[in-house]
Amino acid sequence: QLSGGDMARDYAILCHGWIAPSVRKVRASVQSRVNKQTEVGGQGRASATHLRARKHFWKQEYAFSLASIRIKTGRCHQIRSHLSHVGHPVARDGMYTAPTTFDFDIFLCDRNCLHRFCLVFEGADRILYRVIENLPPVDRKSTSELQSPSIISYAVFCLK
């Protein structure tokens, strides 16, 4: 199911910048390179990342978006490279952000702010199963420390 794109995978991410409500899908090929950033565009494999901005935050002079992501293709670093490609790198991502941005992000959390929280798949009994995992405490702490001008709740992430 994973390689066939029949398994839905939902993620919560905290990324740099304000994702506009009109940005709902990133479609760009992704090419993996050993121990390096993946290359977006060009001769990579087709991939699509669906996203929704759920909440916007400020931390000092930096803007952030909390977003839900759904992927089916699951290319290596797909989410990280797609978001960086459209100007919204994942917070605390040492591979896809500038060194100064990465250093600032240490105040948010100690790892990438990217968390798979929901899997949907069909079992051998032909029933659809949804497995949901809570956000880790570090991610809840990160978002609660940020200042928010938005009233949108970030408690509900699953794409409908």
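## Buried cysteines, no disulfide

Buried here means under 20% relative accessible area. By that cut-off C113 is buried, with a relative accessibility of just 3%, and C15 is buried too, at 0%. Keep in mind that this is a predicted model.

So how many disulfides does the chain have? The count is zero. A pair of cysteine sulfur atoms has to lie within 2.5 Å to qualify. For C15, the closest cysteine sulfur belongs to C113, and that one sits 10.0 Å away, so the two are too far apart for a bond.

## Layout of the chain

Walking along from the N terminus, you'd read the elements as β-β-β-β-β-β-α-α-β-β-α. That adds up to eight strands and three helices.

Now for the contacts. Taking those with a separation of 6 or more, 64% join residues that are 24 or more positions apart.

## Inside and outside

Of the 160 residues in the chain, 44% are buried. As for the surface, the chain exposes about 8,800 Å². Carbon and sulfur atoms supply 54% of that exposed area.

## A look at R52

Where does R52 sit? You'll find R52 in strand β5, which covers residues 48-59. Its relative accessible area is 24%, so R52 counts as partly exposed.

R52 also pairs up with A12 for a quick sequence-versus-space check: the two are 40 residues apart in sequence, while their C-alpha atoms are 9.9 Å apart in space.

How values were computed:
Residues numbered from 1 in each chain as written. Predicted model: local features only at pLDDT ≥ 70, side-chain atom pairs only at ≥ 80, totals over all residues. Heavy atoms only, no water. Buried < 20%, exposed > 50% of the residue type's maximum accessible area, 1.4 Å probe, protein only. Helix = DSSP H or I, 4+ residues; strand = E, 2+ residues; numbered from the N terminus. Contact = heavy atoms within 4.5 Å. Areas by Shrake-Rupley, 256 points an atom, 1.4 Å probe, with all protein chains shown as cover.
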